[in-house]
Amino acid sequence: MPTTTPALSVPAAGQPFGAIELERRDLRDDDVRIDIKWAGICHSDIHTIREEWGQTPFPLTPGHEIAGIVTEVGSAVTRHKVGDRVGIGCMVDSCGECEQCKNGNEQYCEKGAVFTYASEGYDGELTQGGYAQAIVASERFVLSIPEGIELDEAAPLLCAGITTYAPLKRWGADKGAKVAVVGMGGLGHLGVKIAAAMGAEVTVLSRSTDKSADAKSYGAADHLSTKDAKTFDKLAGTFDLILNTVSADLPMEDYLRLLKPFGAMVNVGLPSKPYSIAPGSLVHGDKAVAGSLIGGIPATQEMLNFCAEHGIGATIERIDAGQVDDAYDKVVAGDVRYRYVIDTATIGK
Ligand code: NAP
Ligand code: ZN
């Protein structure tokens, strides 16, 4: 019999969160049941609940930054055992057989990856995410959280951590590289910590200098305000790599001017409007504009191990279930340092 778990759910567009009893499927042979302790609030949850990316299937429980403890395993599970510290990120299934899955890029599964919420599973059921006290998922999508990272500080790594780690690694944010991180929110603050740990010289570009002291404590060499027009003159031609984590539109060409020749601007932020880029701003200087979607499961485990090795966790504010609606407004207003994580034990209390 399927079990139920207390969860936070939005019943219909424009409505606030309420506590419900959410059904989770019976354990399949390769499934793991997790007692969720903490769930991070990603800006993607907000874009989805507010239908900024198109229509959302309601009722919906979002959440793809999940950390907890294994409470039950299916008969064929080999990777995890009861009591293990584990996490789930943005995906819960993929075909496992196509070229992309075999290469560990499950997010680009040819059959279509199943995302942790608002996605149709291969069984036809709509997935429901991690703002809940329990979840059931295939062991292939369950990550081990190394000792040394607290569960609450680990939860945001499952999305924000991998989303910054994967492009920083792919685009060479290593020793000697000059890297700019644009926007220091949930993704950005982890991008700074990770790029600095990879050995890059990191500059943060924010809307104000309010976060300068934090940026420097995370390993940034510099933190500048994009509201100051002199910033763009001062930094022209400086960076090998720009990682754009901003959730809103940006004047892309102003940022492309900050790249060295052969430099790349990689976008992970997902505002709903198209970019505006004149071809000449790429052609003059052999510049690249790229995107990056989360990261595969092997890379996610590698990122967690890297973070443990370098003492990196998210900087968090812990909240109760009753504070989530308010927290959404605060994230949009930039009023969070730097990720809200929900104490799931407070759901339904
Ligand atoms: P967040 O915590 O809200 O951080 C976004 C940051 O962008 C803010 O802290 C702010 O930094 C800056 N910003 C916000 N509004 C701005 C504006 N109007 N103009 C300029 N800068 C602005 O969001 P997040 O959770 O890090 O997510 C960021 C984006 O990445 C979202 O669009 C999200 O959907 C997307 N995302 C993508 C992936 C992927 O796989 N590609 C994965 C997860 C999330 P400052 O205060 O420093 O200026
Ligand atoms: Zn996310």
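**Entry 1: ligand 1**

I started with the shell around ligand 1 and found that its largest share, three residues, comes from helix H1. The model is a predicted one, and I read every value below with that in mind. The shell counts 27 residues, and I noted His 43, Ser 206, Lys 211, Ile 294 and Arg 339 as the closest. Sorted by class, I get twelve nonpolar, twelve polar and three charged residues around the ligand.

Next I looked up polar contacts of the ligand. A polar side-chain atom of Lys 211 sits 2.6 Å from a ligand oxygen atom. The side chain of Ser 44 has an N or O atom 2.8 Å from an oxygen atom of ligand 1. For Ser 292 the backbone is involved: one of its N or O atoms is 2.9 Å from a nitrogen atom of the ligand. I then checked cover: ligand 1 alone exposes 930 Å², and the protein buries 90% of that. Helix H1 (43-49) and H5 are the elements that give two or more residues to the shell.

**Entry 2: His 43**

I went back to His 43, one of the closest residues to the ligand. His 43 belongs to helix H1. Buried or exposed, I asked of His 43? Its relative accessibility is 18%, so I enter His 43 as buried, the cut-off being under 20%. Beyond its neighbours within four places in sequence, His 43 contacts Ser 247, Val 331, Val 332 and Arg 339. Arg 339 is also listed among the closest residues to ligand 1.

**Entry 3: Ser 225**

I found Ser 225 in strand S12, which covers residues 222-225. Its relative accessibility is 11%, so Ser 225 is buried too. Which residues does Ser 225 touch, leaving aside neighbours within four places in sequence? I list Ser 206, Arg 207, Ser 208, Thr 209 and Thr 231. Arg 207 is 18 residues away along the chain, yet I read 5.2 Å between its C-alpha atom and that of Ser 225. Ser 206, a contact of Ser 225, also appears among the closest residues to the ligand.

**Entry 4: Leu 8**

I placed Leu 8 in strand S1, residues 3-9. At 4% relative accessibility I count Leu 8 as buried. Not counting residues up to four places away in sequence, the contacts of Leu 8 include Phe 17, Leu 60, Tyr 131, Val 324 and Ile 347. Ile 20 is twelve residues from Leu 8 along the chain, and their C-alpha atoms are 6.2 Å apart.

**Entry 5: helices H4 and H10**

I looked at H4 and found it mostly covered, with nine of its eleven residues buried. Among the buried ones I noted Ala 160, Ile 162, Tyr 165, Pro 167 and Leu 168. The buried residues of H4 pack against strands S10, S13, S14 and S17, and against helices H5 and H10. After H4 comes Gly 172, with a positive phi near 80 degrees.

I checked the length of H10 (residues 297-309) as well. At 1.5 Å a residue its 13 residues should span 18 Å, and the end C-alpha atoms are 18 Å apart, so the two agree. I listed Ile 297, Thr 300, Met 303, Leu 304, Phe 306 and Cys 307 as the buried residues of H10. Their cover includes strand S6 (91-93), strand S9 (143-144), H4 and H5. Gly 311 follows H10, and I read a positive phi near 65 degrees for this glycine.

Key:
Residues numbered from 1 in each chain as written. Chains lettered and ligands numbered in written order. Predicted model: local features only at pLDDT ≥ 70, side-chain atom pairs only at ≥ 80, totals over all residues. Heavy atoms only, no water. Helix = DSSP H or I, 4+ residues; strand = E, 2+ residues; numbered from the N terminus. Expected span 1.5 Å × (residues − 1). Buried < 20%, exposed > 50% of the residue type's maximum accessible area, 1.4 Å probe, protein only. Contact = heavy atoms within 4.5 Å. Near = heavy atom within 4 Å. Polar contact = N/O pair within 3.5 Å; in protein donor to acceptor, adjacent residues only side chain to side chain. Areas by Shrake-Rupley, 256 points an atom, 1.4 Å probe, with all protein chains shown as cover. Nonpolar A, V, L, I, M, F, W, Y, C, P; charged D, E, K, R; others polar.
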